[in-house]
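Visitor: Please show me the structure, and let us then discuss its interface, one residue and one sheet.

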Amino acid sequence: MSGYFEVKNLKVDFKTFEGQKNVLDIDSLALDKGETFGIVGESGAGKTVLALTILLLLSAPPAVIRSGSINLDGENLLQKTEKEMQKIRGRNISMIFQDPMSTLNPVFTVGEQIIRVFKNNKRITRKDAQKEALRMIETVKLPDAANIMAKYPHELSGGQRQRIVIAIALSCGSEFLIADEPTRNLDVTIQAGILKLVAELQKELGVTVLFIANNLGLVSAICSRVAILHEGRIVETGKVKEVLKDPRHPYTLTLLNAIPRDKGEKVNLDNIVFKDSENANEKGCRYYYRCPEKKDLCRDTEPVCRLIAGTHTVACHMAFKGGEAGGKQHTEG
Amino acid sequence: MTKNLGLINSIKPRIKEIRLSLYLLGRNRLTRLSLVVVILLILIALVAPYIVPYPEHIETETNPEDKLLLPSGDYFFGTDELGRDVFSRVLYGTRISLQTALVAVGLALLIGIPLGAIAGATGGIVDEIIMRITDIFLSFPPLLLAIAIAAFLGPSLENAMLAIAVSWWPWYTRLIRGQAVSIRERQFVKAARAIGTPPMKIVFGHIVPNCIAPVIVQASMDIGGVILTIASLSFLGLGAQPPTPEWGLMVSTSRNYFLNAWWYSIFPGLAIFVTVLVFNLLGDGLREILDPKTRKI
Amino acid sequence: MANSILKVRALKKYFPVRSGFFSKPVAWVKAVDGVTLEMEQGEVLGLVGESGCGKTTLVNVLLKLEEPTSGEVFFDGLDLFNMDKKSLRKIRKNIQIVFQDPFWSLNPRLLIRDIVGEPIKVHTNCGGEELATKVGDLMEMVGLPRNGVYKYPHEFSGGERQRIAIARALALSPKLVVLDEPTSSIDVLSQAQILELLRDLKERLGLTYILISHDLSVVNYMADRIAVMYLGKIVEYGPAEDVFGQTAHPYTKALFAAIPTLDTEGIDSITTIEGNVPSAINPPSGCRFHTRCPMAKDICKEKEPGMVDCDEGHIAACHFIKQKPGG
């Protein structure tokens, strides 16, 4: 796969008072230009850490990037200096955070905030910046843009605010967008609007989106591919249809089974074992202690991502024992 | 048997908390240093009467033939105009300064915290009344107010403590109130109300414990400030009275001999300086460990 | 209804918008504007609507955290807003709440023993080891280890904290428990377990739930009856199967269509309602939904629709619903 964006062999640790803990260990993650890629996992799986690592925004004392590379358009972000990164953030990569209210500065009008972004990044006059800002607000499909420009964040609704955040993220021509649960805490109706907006922008502007979600429904609505993250490792990845229709990793299966469906049906709770740092398996498969199908092999050897069919890869020893995937045991890349 | 088990169990999580706090405190080198010095100061204060080389020089005894001697093997910090050992007196002064500072800050907290918490938690007219009273106190420069009160009560160390407490509490009230207003809106407060917890129990059981952190930081930094204020009051003759070995008082009397006996003013001055500095540094360090963001690890 | 536990009649709660020197109210936010409900013992009522529709205010009034502007609430046949303090204390034990965010609903500075034990301490003279034992029993009831009693909230995960919040709500053996978005800030695995636990507790203890949620899969899974609220009013109300199966009100339809599920394929299969929720200070004339309704006609601007029977016990407020003959 030719990667527009590629993460390779990335290892991130956190130093805590109980010692150094590995929180992210990603062998390979590649995004094609213009696609929407979903990352799903429990809280604490390392989703946000991944996003912050890409932007080099992790606070350095607890976090240590041990090894790896993050390539965007052929350039390794991990080798950039802070000064170079400042230029890359906003112009090449932007991030949308969970909470739009705390992302926006409450003392300036939203128009002013977008204008500032333009003035900081381009040499343009205020008048031009104003025009550009107006155009950006129209781009994110907010009606009555001129009126919105003059408003303060607290005067807007949650959905409008998140749209402004997206406008700011895109205003410097950034083509790679990291969205960290952008619709969390929004009403379903507003959520639908934001999802539609992201899909449209992706089509119209050709933006690549890394969409972090904790809800598989969201992923199936707007992503083309998805990766399931478990304790900092990608355990299953592939096209959304492949993964959700034919889940191979026991963790993915558990996640899918946990979604309540019908009243008569009970939620399948049998396989749910919770994260528990005391039982964590450091050597082999990280899912070992929670896995219903664990074998001795899993305790000692960590499984790597292997191709099952099409683009569908799974990091599980047991996924291949079933037979039909047996012939295709070759590692990706 | 089971009773003891319960006790042990309820202490265990606190030990873990303390361990984490110590770890966070120790991360910053300056904080670590200040913590060591503060502990040292407290130790000195505790054992001062037993370790000073000339305990008789603390109170009334004088020794005119040895007056204003240079620091030497006999007198580490030299002697004063009455021939008393400055080292003994500075050491003993630690006890007096820490004691008065702790009492004064403690009194101020005792008045300030409940008032602030009640004001913030109840709001409305109660809040309005309490805060306007604090505003009146805050409109005087703190040292001036302390001087006025101390002068009114008459010069003595106890009155100086009282004066400082009276001029200091409004700061805590304001700090706590600001916190309490935001804590009041938290869900656990609403949950307590939904259970039917009486209002005063909500204030002292839920709101105060959650807004105490910045106050602890402020108070530990204030200990330095209070020591300074007591020294100032004593310097002006409104605090400790001779022959009490209070640092401010010592600096004050040493003024007359400054040109020929530098040691007499330098050492008590240095003691004030170091004490104020380490308490400020410690306050900064405490802010770090009490900040929930750094706690998360 | 024979064993009705909660009756709400024409309940209104207006908040004043004050301005000027004398803080005169210049307008009113009509947070709850005439809600009528009835619940049977042992049923689960799902309360659905966008934020700002008045769900939370309604619940606050039921919990007696707010006084209503007008209307009546009967709990177990007793008038909630017309009783002496002593009986009120008794009643209060019977209505409890589990909040949305398990991170802020537990006091971070207290041990679990004191958090879960607080309602017991407030209402009875129980303390020391006896209290610890009672709290331990409650912890076991919600599937947590007994020794968790001597821990702090931050030592638990989101799902476990929500269990603790449930344990606290059950400490006084209430009859009615309000679940305010109980699973919206925890992940799917914990959600599944919490929902199972809630269903199990309901069966075992004969509880009645009011479930507020914007996640319709959760509502579908839990609720026997559903009330859809829009701008302080109930627009559709009925048995869950009917509201899901034969959705009557256009607002409810729009809500359902906006939710992506696992069966969603591509962005085009979800739809959104245009515009924002109008201000509750000046709600639109006529039908309050007409500003966003895809099927609005002139009549909707002028006349407020009354509740129409669609089916047995299934009612909705819309001009375009055909009344079931004889229904």
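The exchange below takes up these topics in turn.

Guide: This is a predicted model: local features need pLDDT of at least 70, side-chain atom pairs count only at pLDDT 80 or more, and totals for chains, interfaces and linings use all residues. Residues are numbered from 1 along each chain as its sequence is written, while chains are lettered from A and ligands numbered from 1 in the order in which they are written.

Visitor: Which element gives the largest share of the side of chain C that touches chain A?

Guide: Contact requires C-beta atoms, placed from the backbone, within 7 Å; 32 residues of chain C are in contact with 32 residues of chain A. Helices are DSSP runs of H or I with at least four residues, strands E runs of at least two, numbered from the N terminus. Helices H6 (188-205), H7 (216-222) and H9 (250-257) of chain C each give two or more residues to this side. The largest share, 7 residues, comes from H6(C).

Visitor: Is B:Arg193 buried, exposed or partly exposed?

Guide: B:Arg193 lies in helix H7 (residues 187-195) of chain B. A residue is buried with 20 or more other C-beta atoms, placed from the backbone, within 10 Å of its own, exposed with 12 or fewer, and partly exposed in between. Because 18 lie within 10 Å, B:Arg193 is partly exposed.

Visitor: In E2(A), which residue is the bridge partner of A:Lys11?

Guide: Strands pair if DSSP finds at least two bridges between them. Strand E1 (residues 5-16) of chain A runs antiparallel to E2(A), joined by 11 bridges. In E2(A), the partner of A:Lys11 is A:Asp25.

Definitions and conventions: Two residues are in contact if their C-beta atoms, placed from the backbone, lie within 7 Å.
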